[in-house]
Amino acid sequence: MNGRIWVTSEVGVGTSFWFTLPRATGVAGADVGSGSGDTVSAAPSTSTEE
């Protein structure tokens, strides 16, 4: 799908999970792989462990 996924973590602070996906173009249900190659980044989701 030409996306990325990665994780950053810092002890005592938390962990962030990141991913990017290609942006779909055209009509609903269009094949995402046929897009222009643009990507959309998701906001990080951070969690802390106790």
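This passage walks through a β-hairpin and the residues around it in a predicted model.

A good place to start is the pairing of the two strands. Strand β1 spans residues 4-10, and strand β2 covers residues 14-22. The two run antiparallel to each other and are joined over 7 bridges. Two of the residue pairs can be followed by eye in the structure above: R4 has T20 in β2 as its bridge partner, and T8 is matched with S16 in β2. Between the strands of this hairpin lie 3 residues, and G12 adopts a positive phi near 80 degrees.

How well is β1 covered? Strand β1 turns out to be hardly covered, as the count of buried residues among its 7 residues is 0. Strand β2, for its part, offers two residues worth a closer look, T15 and F19. T15 has a relative accessible area of 12%, so this residue is buried, the cut-off for that class being under 20%. The T15 side chain also reaches the side chain of S9, with which it makes a polar contact at 3.1 Å.

F19, also placed in β2, has a relative accessibility of 37% and therefore counts as partly exposed, a class that lies between the 20% and 50% limits. F19 does not stand alone: together with I5 and L21 it forms a nonpolar patch on the surface. The accessible area of I5, F19 and L21 together comes to about 320 Å². With I5 falling within residues 4-10 of β1 and L21 within residues 14-22 of β2, the patch draws on both strands of the hairpin.

Beyond β2, the chain continues into the loop that leads to β3 (39-41), and R23 is found in this loop. R23 counts as partly exposed because its relative accessibility is 43%, again between the 20% and 50% limits. Although R23 and G3 are 20 residues apart along the chain, their C-alpha atoms are separated by 9.9 Å.

Taken together, the model shows an antiparallel pair of strands, a buried threonine, T15, in polar contact with S9, and a nonpolar surface patch that includes F19.

Definitions and conventions: Residues numbered from 1 in each chain as written. Predicted model: local features only at pLDDT ≥ 70, side-chain atom pairs only at ≥ 80, totals over all residues. Heavy atoms only, no water. Patch = residues over 30% accessible without salt bridge, like charges linked within 9 Å, V, L, I, M, F, W, Y side chains within 5 Å. Areas by Shrake-Rupley, 256 points an atom, 1.4 Å probe, with all protein chains shown as cover. Salt bridge = Lys/Arg side-chain N within 4 Å of Asp/Glu carboxyl O. Helix = DSSP H or I, 4+ residues; strand = E, 2+ residues; numbered from the N terminus. Buried < 20%, exposed > 50% of the residue type's maximum accessible area, 1.4 Å probe, protein only. Pairing = 2+ DSSP bridges. Polar contact = N/O pair within 3.5 Å; in protein donor to acceptor, adjacent residues only side chain to side chain.
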